[in-house]
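Open the model in your viewer and keep the sequence panel in sight. This tour tells you what to select and what to look for at each stop.

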Amino acid sequence: MMSFFAANAQEPIEENTAVQDSINSIDFKYREDQFYFGITHTLMQDKPAGFSPSSVSIGMSGGFLRDFPVNKDRTIALAPGIGYSYLNLRGNLGITPENEHVILGSFKKSSLSLHAIDFPLELRWRTSTPYSHKFWRVHLGFKASYVFGDRSKTSTNEYSSTFRDDPNVNKWLYGMYVSAGFNTWNFYMYYGLNNIYKDDVLKWDNNKLKLLNVGVMFYIL
């Protein structure tokens, strides 16, 4: 009988210990969404006369954002970061063998590939709690991108050319963006504030092409 009562007396103690261990494992000073990965399609803005896109202009980005909560509930935060982005812009703006930028009347393929280091800064709002990582979020951000590599490929019925490190491409691109959604899936949109090309490139038109990227963004703790 003594053995039976001793065994029963241990059950609530073990349960209390399990509850206490669970409480101790909760991080009340958590940080959210510090690694990101995005996939986008580029819609050009401020297009010069005669410009038209071709196929899908795919883009990919990824990086790290340091989350700094600014209120007690940790639902508002600032997040500076660093990342990498790749854009493949397809359209009928090509480069001739004489290194002139022209609108192609008929073409097989024309594309501009950009590789950039990104420096984003976000203002974040979310409904997160220490007990769940599934929540609504809205991130408003500004991003400066340093273009460290570019390649232009043009293919027509008359010629085919490839140019790297075009001096007419702006080395710094700036823009605003928003990322919003629930849990895994988040809508993403970026609007470029300056032109892809420098002011003296597209001489036949005042417009110089700006980026408008739309897609999805994924976050990892």
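The stops below run from a loop residue to aromatic pairs, charged side chains and cavities. Keep in mind throughout that this is a predicted model.

**Stop 1: a residue in a loop**

Select N170. It sits in the loop that links β9 (160-164) with β10 (172-182). Is N170 buried or exposed? Its relative accessible area is 18%, and buried means under 20%, so N170 counts as buried. Now show its contacts. Setting aside residues up to four places away in sequence, N170 touches V147, N194, N195, I196, Y197 and K198. Zoom in on N195. Its backbone oxygen is 2.7 Å from a polar atom of the N170 side chain.

**Stop 2: aromatic pairs**

Next, show the aromatic rings. How many aromatic pairs does a search of the whole structure find? The search finds nine.

Select Y177 and Y188. Their ring centres are 5.6 Å apart. Their planes meet at 40°, so this pair is tilted. Y177 belongs to strand β10, and Y188 to strand β11 (residues 185-192). The pair therefore ties together parts that are 11 residues apart in sequence. Both Y177 and Y188 are buried.

Move on to W185 and F218. This aromatic pair is edge-to-face, with 5.1 Å from centre to centre and 65° between the planes. Find the strands: W185 is in β11, and F218 is in β12 (residues 212-220). Here the pair ties together parts 33 residues apart in sequence. Check the surface too. W185 has a relative accessible area of 58%, so it is exposed. F218, at 21%, is partly exposed.

Now select F119, F142, Y146, W172 and Y174 together. These residues form one aromatic cluster.

**Stop 3: back to Y188**

Return to Y188 in strand β11. Why does Y188 count as buried? Its relative accessibility is 5%, and the cut-off for buried is under 20%. Display its surroundings. Leaving out neighbours within four places in sequence, Y188 is in contact with ten residues you can pick out by name: T40, K143, Y177, V178, S179, N213, V214, G215, V216 and M217. Try a distance label between Y188 and V216. The two are 28 residues apart in sequence, but their C-alpha atoms are 5.2 Å apart in space.

**Stop 4: charges over rings**

Select K143 and Y190. The charged end of K143 sits over the Y190 ring, 4.8 Å from the ring centre. Then select R74 and Y30. R74 lies over the face of Y30, at 5.7 Å from the centre of the ring.

**Stop 5: the cavities**

Finish with the empty space inside. Rolling a probe the size of a water molecule over the atoms shows where such space is left. How many cavities of 30 Å³ or more does the structure hold? It holds three. The largest has a volume of about 190 Å³. Its lining is made of 19 residues, and S85, L87, D118, K143 and N213 are the closest to its centre.

Colour the strands around the largest cavity. β2 (58-65), β4 (76-90), β7 (109-126), β8 (136-155) and β11 each supply at least two residues of its lining. Which strand gives the most to this lining? It is β7, with four residues.

Before you close the viewer, select K143 once more. You met it over the ring of Y190, in contact with Y188, and among the residues closest to the centre of the largest cavity.

Key. Residues are numbered from 1 along each chain as its sequence is written. This is a predicted model: local features need pLDDT of at least 70, side-chain atom pairs count only at pLDDT 80 or more; totals for chains, interfaces and linings use all residues. Side-chain values use heavy atoms; hydrogens and water are left out. Buried means under 20% relative accessible area, exposed over 50%, partly exposed in between (1.4 Å probe, protein chains only). A polar contact is a pair of N or O atoms within 3.5 Å; within protein, one must be able to donate a hydrogen and the other to accept it, and residues adjacent in sequence count only if both atoms are side-chain atoms. Contact means heavy atoms within 4.5 Å. Rings of Phe, Tyr and Trp (its six-membered ring) pair if their centres lie within 6.5 Å; planes under 30 degrees apart count as stacked, over 60 as edge-to-face and the rest as tilted. A charge sits over a ring if NZ of Lys or CZ of Arg is within 6 Å of the ring centre and within 35 degrees of the ring normal. On a 1 Å grid over the protein atoms alone, a cavity is a set of points where a 1.4 Å probe fits but cannot get out, and a pocket is an open set with protein on both sides within 12 Å along at least five of seven lines; lining residues have an atom within 4 Å of a point. Grid points are joined across faces, edges and corners, and a volume is the space filled by probe spheres set on the points.
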